[in-house]
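Hi,

Here is the structure I promised to pass on to you. Have a look at it first, and then read on for my notes on what turned up.

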Amino acid sequence: MEHGASDLRSLHTWLRSDAGVRRSATLELQEASLQPGQMGSAIEVIKLVTENGWSAASFVMAVVAWKRTRPQSPQITISRDDTTVSLTNCSDEEVERVIRILSERQDGEGQGE
């Protein structure tokens, strides 16, 4: 899965160069830990630690812009707490859905969740 690792490194570099993402989040490339009983090498993940000014829309649009530069646009899975969404074809509808889901999650924090 070397192709996937190089895609993650490319996305990490892209996000770090985006002023909006850089201003409101800290990015870290790390290996995911294997669960007990799993075989194989750990896959890499991008860990994003957001600050108060974080915008789901800005982040998603930065990811979409990166995906559109790839010859074979990989599926991107975004996990935040117990919420997981995927970007596959980056249609307008899909992008709006992902932004809405992440924005709702962000707006709901601290309100009894």
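The side chains of glutamate 104 and arginine 100 form a salt bridge, with 4.0 Å from N to O. (A salt bridge here is a side-chain nitrogen of Lys or Arg within 4 Å of a carboxyl oxygen of Asp or Glu.) Glutamate 104 and arginine 100 sit four residues apart in helix 4, so about one helical turn separates them. That fits the general picture: an α-helix has 3.6 residues a turn, so residues three or four places apart point the same way. Glutamate 104 is partly exposed at 49% relative accessible area, and arginine 100 is partly exposed too, at 44%. For these labels, buried means under 20% relative accessible area, exposed means over 50%, and partly exposed is in between (1.4 Å probe, protein chains only).

Before going further, bear in mind that this is a predicted model: local features need pLDDT of at least 70, side-chain atom pairs count only at pLDDT 80 or more, and totals for chains, interfaces and linings use all residues. Residues are numbered from 1 along each chain as its sequence is written, and side-chain values use heavy atoms, with hydrogens and water left out.

By the salt-bridge rule the count is two. The other pair to look at is arginine 70 with aspartate 7, whose side chains meet at 2.7 Å, N to O. Arginine 70 is in the loop between helix 3 and strand 3 while aspartate 7 is in helix 1, so this salt bridge ties together parts 63 residues apart in sequence. Aspartate 7 is buried, at 6% relative accessibility, whereas arginine 70 is partly exposed at 22%.

Now for the overall layout. The chain has four helices and four strands, and along the sequence they follow the pattern α-α-β-β-α-β-β-α. (Both are DSSP runs numbered from the N terminus: helices are H or I with at least four residues, strands are E with at least two.) Of the 113 residues, 30% count as buried.

What holds the most contacts inside the largest nonpolar core? That core has 22 residues, and the ones with the most contacts inside it are Leu15, Phe59, Val60, Ile78 and Leu87. (A nonpolar core is a set of buried Ala, Val, Leu, Ile, Met, Phe, Trp, Tyr and Cys residues joined through side-chain atoms within 4.5 Å.) Helix 1 (2-17), strand 1 (25-31), helix 3 (56-67), strand 3 (76-80), strand 4 (83-87) and helix 4 (92-108) each supply at least two of its residues. Helix 3 gives the most, with seven.

Helix 3 deserves a second look. Its buried residues are Ala56, Phe59, Val60, Ala62, Val63, Val64, Trp66 and Lys67. Setting aside neighbours within four places in sequence, valine 60 is in contact (heavy atoms within 4.5 Å) with Leu87, Val95, Val98, Ile99 and Leu102.

One last spot is serine 24, in helix 2 (residues 19-24). Serine 24 is buried, at 8% relative accessibility, and its side chain reaches the backbone oxygen of glycine 20 at 3.1 Å. Leaving out neighbours within four places in sequence, serine 24 is in contact with Val49, Thr50, Glu51, Gly53, Trp54 and Ser55.

Cheers

Note on methods: A polar contact is a pair of N or O atoms within 3.5 Å; within protein, one must be able to donate a hydrogen and the other to accept it, and residues adjacent in sequence count only if both atoms are side-chain atoms.
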